[in-house]
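This briefing covers one strand residue, the sheet around it and a pocket. The model is a predicted one.

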Amino acid sequence: MKRSKMMEFGVGLFMLAGILGVIFLGVSVSGLSVGGGKETYTLQANFANIGGLKSRARVTMAGVTVGRVENIELDTEWYDARVTLALDSRLEGQLSRDTTASILTSGLLGEQYIGLSVGGDPDTLADGDTISDTQSALVLEQLIQQFVANMAKD
């Protein structure tokens, strides 16, 4: 009797560890922070078209994740999408004024994220500044439409 209770306890403990592992993996993959958040600073960027970019999307430099998209809203003055980026505080004062922000796609139909490319201007961006050089998302449907229209002309 005692041996079967120990077996049940062991199986229950194993199942609990498995469930906790799946929860941890899900939180890690979703991009949510598990512990205390890193210190960040914010930059703004305006885009004519953000495609399928979502809040919590990655912000990368040279393929390395350096932040997340914090907020996306409509700029009612210029009718552009205003994207707020939360970047690692170690980059504060390191990004030049002519830094470029581009909306990129992982693979052909993958998730969209923002890629930053640093320029050569000696002046740097401070907390709350706006990145002026941006490249909007390429929308696959628009590219196909242009291709079909060009084929119809020929």
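Thr60 sits in strand β2, which spans residues 58–61. Its relative accessible area is 5%, so Thr60 counts as buried, the cut-off being under 20%.

**Surroundings of Thr60**
- Beyond its neighbours within four places in sequence, Thr60 is in contact with Thr65 and Val66.
- Thr60 also contacts Tyr113, Ile114, Gly115 and Leu116, and strand β6 covers residues 112–117.

**The sheet**
- Strand β2 belongs to an open sheet of 8 strands with mixed pairing, in the order β7-β1-β4-β3-β2-β6-β5-β8.
- The edges of this sheet are β7 (130–131) and β8 (133–135), each of which pairs on one side only.
- Strands of a sheet pair through backbone hydrogen bonds, in either a parallel or an antiparallel sense.
- The pairing of β5 (residues 100–105) with β6 is antiparallel and runs over 6 bridges.
- Within β6, Gly115 is the bridge partner of Ser102; Gly115 is also one of the contacts of Thr60.

**The second largest pocket**
- The second largest pocket holds about 330 Å³ of space.
- Its lining is made up of 16 residues, and those closest to the pocket centre are Thr105, Leu108, Gln112, Leu138 and Leu140.
- Two elements, β5 and α2 (140–153), give two or more residues to this lining.
- Sorted by class, the lining of the second largest pocket has 8 nonpolar, 7 polar and 1 charged residues.

Key:
Residues numbered from 1 in each chain as written. Predicted model: local features only at pLDDT ≥ 70, side-chain atom pairs only at ≥ 80, totals over all residues. Heavy atoms only, no water. Pairing = 2+ DSSP bridges. Helix = DSSP H or I, 4+ residues; strand = E, 2+ residues; numbered from the N terminus. Buried < 20%, exposed > 50% of the residue type's maximum accessible area, 1.4 Å probe, protein only. Contact = heavy atoms within 4.5 Å. 1 Å grid on protein atoms, 1.4 Å probe; cavity = no way out; pocket = protein on both sides within 12 Å on 5 of 7 lines; lining within 4 Å. Points joined across faces, edges and corners; volume = space filled by probe spheres on them. Nonpolar A, V, L, I, M, F, W, Y, C, P; charged D, E, K, R; others polar.
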